[in-house]
Amino acid sequence: MDNSRLLLRSGLTLAAAALPAALAGPSAAASGISVSTTGSTVSVVTSACTQINGSWGTAALLTSRQANFAQGRQVALSGTSVSQSAAWSSVSPGTYTVVVVCSSGSTAGSQSVIVSSPARPTISATSSPAPSRGVMGGLGGATRDYGPLTLGLGGALVGAGLVATGWFLRRRSRPYRL
């Protein structure tokens with residue numbers, strides 16, 4: 001075996017050994033990417049890539065069982081010269097690694113992210129205290145007691161309406177005398 005093959009194999013072995021350490025590194029801010037999750041959507045933002053031939057680069061979402069960039073869910077970066085982004089929707093709960101490779105071939109960074117299971121609404125049986133007087137009967141089944149003043153005024157208005165109606169009907173029934 002010649003030296004170039006030996007160097008290539010040892011370089012690949014070192015890269016494969018260094019990839020998990022680089023992916024799990026604590027310096028997420030130094031990686032050049034920012035990863036966030038909202039529900040089951042994972043998104044990544046970077047400003048490290050430059051556009052080459054109309055492409056900013058590619059981002060990949062790797063599960064813990066995937067060893068290299070090509071095995072992950074890949075999404076093309078989109079954006080401007082200020083920031084580029086990519087997003088994955090419908091991501092199952094678990095731990096993932098996001099890797100961004102610019103169109104120049106350089107790695108912008110990698111960062112681990114945890115996608116939590118969606119929060120399920122909790123239904124709790126609560127009982128409110130029983131009404132003190134139950135449901136009140138009457139017109140409309142009202143449950144609010146309006147008090148004697150309100151009821152008196154309402155009765156007076158109804159009575160005034162009846163008197164006015166009687167007066168109007170009585171006046172119309174008289175023959176007109178000239």
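1. Start with the sulfur bridge. The torsion about the S-S bond of Cys49 and Cys102 is about -75°, so this disulfide is left-handed. The model is a predicted one, and its structure holds 1 disulfide. In that bond, Cys49 and Cys102 sit with an S to S distance of 2.0 Å. A disulfide is a covalent bond between the sulfur atoms of two cysteines.

2. What does the bond tie together? Cys49 lies in the loop between β2 (41–46) and β3 (57–62), while Cys102 belongs to strand β7; the pair therefore links parts that are 53 residues apart in sequence.

3. Are Cys49 and Cys102 buried or exposed? Both cysteines, Cys49 and Cys102, are buried. Buried here stands for under 20% relative accessible area.

4. Now the sheet. Four strands form an open sheet, in the order β4-β3-β7-β8. The pairing is antiparallel. Its edges are β4 (73–76) and β8 (107–115), each of which pairs on one side only. From one strand to the next, the twist averages 20°.

5. Look next at β7, the strand that carries Cys102. Strand β7 covers residues 94–102. How many bridges join β7 to β8? There are 8 bridges, and the two strands run antiparallel. One pair to find in the model is Gly94, which stands opposite Val115 in β8.

6. To trace this in the structure, begin at Cys102 in strand β7. Follow the disulfide from Cys102 to Cys49. Then return to β7 and step across to β8, its antiparallel partner, which is an edge strand of the sheet.

Notes. Residues numbered from 1 in each chain as written. Predicted model: local features only at pLDDT ≥ 70, side-chain atom pairs only at ≥ 80, totals over all residues. Heavy atoms only, no water. Pairing = 2+ DSSP bridges. Axes fitted to C-alpha atoms, helices over the stretch in contact; angles between N-to-C directions. Disulfide = S-S within 2.5 Å. Buried < 20%, exposed > 50% of the residue type's maximum accessible area, 1.4 Å probe, protein only.
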